[in-house]
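Student: I should like to work through this structure by question and answer. Please show me the sequence and the model before we begin.

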Amino acid sequence: IGSVPVGLLVRWDGSTWSDLGFGSSGSVNSIFAEPDGSLLVAGTFSAAGGVPAANIARLSEAGWSSLGAGVGGIVNSVVRHTDGRVFVAGRFS
């Protein structure tokens, strides 16, 4: 973006863009900010930040992590319910 090299997921801090280390392979279709500040990221990808993750991942202060075995298909939207359950919408196999 501009003169800043970035991957598929970036953050704007009010004055500059910074890369979140997601990578540049696949696509990100949806992000959801959790109350603890972490992000749920969904789309079509096999890794997030170098960590194997099937189409859904979490970015927290500890770094990138997968959500279980992931989702076998394209994820277009992700949200966490107030009771803690994660819901995804998309095209699954």
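Student: How far apart, N to O, are the side chains of Glu34 and Arg80 in their salt bridge?

Tutor: This is a predicted model, in which local features need pLDDT of at least 70, side-chain atom pairs count only at pLDDT 80 or more, and totals for chains, interfaces and linings use all residues. Residues are numbered from 1 along each chain as its sequence is written, and side-chain values use heavy atoms, with hydrogens and water left out. A salt bridge here is a side-chain nitrogen of Lys or Arg within 4 Å of a carboxyl oxygen of Asp or Glu. For Glu34 and Arg80 the N to O value is 2.1 Å.

Student: Why does the pair of Glu34 and Arg80 tie together parts that lie apart in sequence, and how many residues apart are they?

Tutor: Strands are DSSP runs (E, at least two residues), numbered from the N terminus. Glu34 lies in the loop between β3 and β4, whereas Arg80 belongs to strand β9 (residues 73-80). The pair therefore ties together parts whose separation in sequence is 46 residues.

Student: Which residues are linked with Glu34 in a network of salt bridges?

Tutor: Glu34 also forms a salt bridge with Arg58, with the closest N and O atoms 3.1 Å apart. Arg58 is in strand β7 and Glu34 in the loop between β3 and β4, so this pair ties together parts 24 residues apart in sequence. The residues linked with Glu34 in the network are Arg58 and Arg80.

Student: Is Glu34 buried or exposed, and what is its relative accessible area?

Tutor: Buried means under 20% relative accessible area, exposed over 50%, and partly exposed in between (1.4 Å probe, protein chains only). Arg80, at 23% relative accessibility, counts as partly exposed. Glu34 is buried, because its relative accessible area is 9%.

Student: How many salt bridges does the structure hold?

Tutor: Besides the network of Glu34, Arg58 and Arg80, Asp83 forms a salt bridge with Arg85, the closest N and O atoms being 2.9 Å apart. Asp83 is partly exposed at 47%, and Arg85 is partly exposed at 47%. The number of salt bridges in the structure is three.

Student: Which strands each supply at least two residues of the largest nonpolar core?

Tutor: A nonpolar core is a set of buried Ala, Val, Leu, Ile, Met, Phe, Trp, Tyr and Cys residues joined through side-chain atoms within 4.5 Å. The largest one has 11 residues, including Leu9, Leu20, Leu39, Val41, Ala57 and Leu59. The strands that each supply at least two of its residues are β4 (39-44) and β7 (56-60).

Student: Why is β4 largely enclosed by the rest of the structure, and how many of its residues are buried?

Tutor: β4 pairs with β3 in the antiparallel sense over six bridges, where two strands pair if DSSP finds at least two bridges between them. β4 also pairs with β7 in the antiparallel sense, over four bridges. β4 is largely enclosed because, of its six residues, the number buried is five.

Student: Which residue of β7 stands opposite Val41?

Tutor: Contact means heavy atoms within 4.5 Å. Leaving aside neighbours within four places in sequence, the contacts of the residue in question include Leu39, Val41, Phe45 and Trp64. The residue of β7 opposite Val41 is Ala57.

Student: Which residue takes a positive phi in the hairpin of β3 and β4?

Tutor: Ala33 stands opposite Leu39 in β4. The hairpin has five residues between its strands, and the positive phi is near 95°. The residue that takes it is Gly37.

Student: Why is the pair of Phe22 and Trp64 edge-to-face, and what is the angle between the planes?

Tutor: Rings of Phe, Tyr and Trp (its six-membered ring) pair if their centres lie within 6.5 Å; planes under 30 degrees apart count as stacked, over 60 as edge-to-face and the rest as tilted. Phe22 is buried at 3%, and Trp64 is buried at 13%. The ring centres of Phe22 and Trp64 are 5.4 Å apart, and the pair is edge-to-face because its planes stand at 70°.

Student: Which residue joins Phe22 and Trp64 in one aromatic cluster?

Tutor: The count of aromatic pairs comes to three. One of them, Trp12 with Trp17, is tilted, at 5.0 Å centre to centre and 50° between the planes. The residue that forms one cluster with Phe22 and Trp64 is Phe45.
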